[in-house]
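This report describes selected features of one protein chain, with attention to its aromatic rings and to one of its strands. The sequence and structure are shown first.

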Amino acid sequence: MYEPKNTIAKQPFDQLQLDKLVKTENLEILSISLEKGALFPEHGSPTDAHLVMLEGTIVFHINETSFLLGKHEYFSFPKEKKHWVKAHENAKFLIIR
């Protein structure tokens, strides 16, 4: 019935990797890994979202402003606001929306 999963640990650093960990009517959790220098192209979120850094560093660009985010940092952003992400070094993070 209960089973821990190691999806995040096994997710490779190979350009952009995205795994949907949880999807319910009210919640979605995405695990994202970015290889150093890789880009998550401009896009918007269908709902307000929260980014939780697990390891590495990224540059998160929104509203013509760039934020350098690192391990264990948290960042919130509104729905439908265009943004993009570039890996400053190999990085893994969660998107909770």
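Rings of Phe, Tyr and Trp are taken to pair if their centres lie within 6.5 Å. Planes under 30 degrees apart count as stacked, over 60 as edge-to-face and the rest as tilted. The model examined here is predicted.

**Aromatic cluster**

By the ring-pair rule, the count comes to 3 aromatic pairs. One of them joins Phe60 and Phe77, with 5.0 Å centre to centre and 45 degrees between the planes, and is tilted. This pair links distant parts of the chain: Phe60 belongs to strand E5 (residues 57-62) and Phe77 to strand E7 (residues 74-77), 17 residues apart. Phe67 and Phe75 also form a pair; their ring centres are 5.0 Å apart and their planes stand at 50 degrees, so this pair is tilted as well. Through ring pairs, Phe60, Phe67, Phe75 and Phe77 are linked into a cluster.

The relative accessible area of each cluster member is listed below.

| Residue | Relative accessible area | Class |
|---|---|---|
| Phe60 | 1% | buried |
| Phe67 | 32% | partly exposed |
| Phe75 | 14% | buried |
| Phe77 | 5% | buried |

The cut-off for a buried residue is under 20% relative accessible area. Phe75 is therefore classed as buried at 14%, whereas Phe67, at 32%, is partly exposed.

**Strand E9 and its partners**

Why is strand E9 described as largely enclosed by the rest of the structure? The strand covers residues 91-96, and 5 of its 6 residues are buried, so the surrounding structure largely encloses it. Strand E9 pairs with strand E2 (residues 28-34) in the antiparallel sense, over 6 bridges. Within this pairing, Leu34 has Ala91 of E9 as its bridge partner. Strand E4 (residues 49-55) also runs antiparallel to E9, and 5 bridges join the two. Here Met53 stands opposite Phe93 of E9.

**Contacts of Lys92**

Lys92 offers a further point of interest for its side chain. Its charged end sits over the ring of Phe13, 5.1 Å from the ring centre. The C-alpha atom of Lys92 is separated by 9.3 Å from that of Ala9, although the two residues are 83 residues apart along the chain. Ala9 is found in helix H1 (residues 7-10). With a relative accessibility of 62%, Ala9 counts as exposed, because the cut-off for that class is over 50%.

Technical notes. Residues numbered from 1 in each chain as written. Predicted model: local features only at pLDDT ≥ 70, side-chain atom pairs only at ≥ 80, totals over all residues. Heavy atoms only, no water. Buried < 20%, exposed > 50% of the residue type's maximum accessible area, 1.4 Å probe, protein only. Helix = DSSP H or I, 4+ residues; strand = E, 2+ residues; numbered from the N terminus. Pairing = 2+ DSSP bridges. Phe/Tyr/Trp six-rings, centres within 6.5 Å; stacked < 30°, edge-to-face > 60°. Lys NZ or Arg CZ within 6 Å of the ring centre and 35° of its normal.
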